[in-house]
Amino acid sequence: MSDPRRILLADADQFFVAVARLVDPEGAGKTPMLIVGGRPGSRGVVCSASYETRVFGVRSGMPIARALKLCPQATSIPVPRGACSKMSRAIRTVLEQFTPVVRGASIDEWYLDLTGTEALYHHEALAVTAARIRAAVLDATGLSVSFGGGTNRLIAKLAVEFGKMKPGTDRTGVFVVEPGQEAAFMKERVALADIPGIGPRFQQALAVRELVSVADVLPHDVGALERWFGSRAGQWLWRRARGVGDATVTVREPAKSISHEDTFRRDVSNEAAIQREVAGLAAKTGADLRDHRLMARTVTVKLKYTDFSIRSASRTVKEAIESDRAVTDLAMALLAHLRRRRRAPIRLAGVGVSGLADAADRQAGLFDESPSTNGGASPVESLRDRRLSRAVDVIRGKFGDGAVQRGPGRDPAV
DNA sequence: TCTGGGGTCCTAGGACCC
DNA sequence: TCTGGGGTCCTAGGACCC
């Protein structure tokens with residue numbers, strides 16, 4: 001049996017609120033009742049809300065309109081995106097000074113593997129190391145980060161909730177579950193809904209069997225859980241309830257998809273308006289693709305209707321593409337297909353690309369410049385298309401995004 | 001004053017190939 | 001003439017996370 005792993009989860013406290021206050025100390029910094037999320041006038045939700053507003057029942061994920069109804073004296077501001085990315089990178093840089101094995105789980109969460117650093121940190125307890133990392137991040141960035149620790153990622157993730165400092169508690173910002181205590185921790189302190197991967201739908205299915213806490217699941221053998229929830233989910237639940245989780249922390253894997261979507265201020269039924277929107281999203285997605293030096297084989301268009309139902313259509317081509325022309329043409333064809341299937345007002349449109357490959361891997365001769373067969377009339381990208389997109393990128397880089405516009409069915413105005 | 005945007009992963013069926 | 005599976009790729013839909 002090898003030594004237990006030493007996994008930490010670092011979670012930035014009230015990240016969006018904290019960053020907003022940091023970048024605007026006179027405004028957001030002096031507003032106790034602060035809600036961050038959404039654009040003014042848009043149909044947005046709360047990304048992060050200050051403790052003072054939570055007293056009124058404001059929660060992240062809640063429509064901003066509802067949050068302001070619950071707490072009318074609150075101020076709502078959009079997410080300071082640029083500052084958040086910058087602060088996220090700054091926190092990561094500090095974390096990497098303590099271990100090279102840091103994996104970003106989201107903009108405000110990182111897993112750290114400190115296995116093998118025992119001698120380096122004088123065999124001190126994991127909680128002590130975590131407290132030192134916490135102090136270093138606070139000192140370098142001005143942001144408070146809480147730590148959960150344990151022998152795997154599941155335990156570290158669940159532990160952090162017990163570390164977070166809240167008004168009226170004596171918490172320190174660090175909570176570590178000692179090796180061997182995983183099962184007891186799960187049984188005594190964890191609700192099934194807290195386990196990552198158990199969302200609203202799974203909770204419903206669990207509730208039908210009167211399973212709410214981890215302790216409710218423990219008496220049932222794996223066979224019963226498999227019968228109730230399917231073989232995969234049953235086995236998964238049996239293991240999770242006992243605190244068994246993945247203990248590997250790997251550095252970030254390359255992105256698998258890139259997408260953009262937009263919710264309209266009001267539902268839209270005008271076909272030309274929908275086409276303009278999808279063309280714009282396709283261009284944005286194409287620009288991101290090239291920005292990351294990637295190419296894509298699959299394009300997906302997604303529409304969300306007034307009733308929140310979602311329809312999507314995707315198309316995979318033989319040779320990876322990167323130009324606005326190719327991405328946009330495929331997206332417009334997919335949109336036409338979706339609108340033929342269901343012509344009703346939509347509240348959201350989205351365009352995404354997947355099947356990503358490194359553009360640097362393109363080798364002379366590997367890609368045929370002549371039109372090839374992707375099922376007949378499909379658009380295949382030419383060298384000219386790629387050059388044009390890159391030229392447009394350069395102009396936009398110099399003069400801003402509005403410098404070059406492309407309308408549906410028209411040639412790019414360059 | 002209803003319900004974002006950027007992702008990941010899983011499932012299931014059909015096509016196609018060996 | 002009848003009867004196979006397994007593996008992979010693609011598409012559509014859906015659950016879930018922050």
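A nonpolar core is taken here as a set of buried Ala, Val, Leu, Ile, Met, Phe, Trp, Tyr and Cys residues joined through side-chain atoms within 4.5 Å. In this predicted model, the largest such core comprises 33 residues, of which Phe15, Ile91, Leu95, Leu112, Ile133 and Phe147 touch the most other members. At least two residues of the core come from each of β1 (7-12), α1 (15-23), β2 (34-36), α4 (81-95), β6 (109-113), α5 (126-141), β7 (145-150) and β8 (174-176). The greatest contribution, 6 residues, is made by α4. Domain 1 (7-14 + 82-180) and domain 2 (25-79) each provide at least three residues to this core.

Leu95 illustrates the packing. Apart from neighbours within four places in sequence, Leu95 contacts Ala10, Val102, Trp110, Leu112, Ile133, Val137 and Phe147. A second core, separate from the one above, contains 31 residues, among them Leu281, Ala313, Leu334 and Val351.

The protein surface near DNA strand B was examined next. Twenty residues surround the strand, with Arg43, Ser257, Glu261, Thr263 and Arg347 coming nearest. By class, the residues of this surface are 8 nonpolar, 5 polar and 7 charged. Both β9 (257-268) and β12 (346-358) supply at least two of them, and β9 accounts for the largest share, 7 residues.

On the DNA side, 70% of the strand B atoms within 4 Å of the protein belong to sugar or phosphate, and the rest to bases. Phosphate oxygens of strand B lie 2.7 Å from a polar side-chain atom of Ser257, 2.8 Å from a polar backbone atom of Ser259 and 2.9 Å from a side-chain N or O atom of Arg232.

Notes
Residues numbered from 1 in each chain as written. Chains lettered and ligands numbered in written order. Predicted model: local features only at pLDDT ≥ 70, side-chain atom pairs only at ≥ 80, totals over all residues. Heavy atoms only, no water. Buried < 20%, exposed > 50% of the residue type's maximum accessible area, 1.4 Å probe, protein only. Helix = DSSP H or I, 4+ residues; strand = E, 2+ residues; numbered from the N terminus. Domains from an automatic or database assignment. Contact = heavy atoms within 4.5 Å. Near = heavy atom within 4 Å. Polar contact = N/O pair within 3.5 Å; in protein donor to acceptor, adjacent residues only side chain to side chain. Nonpolar A, V, L, I, M, F, W, Y, C, P; charged D, E, K, R; others polar.
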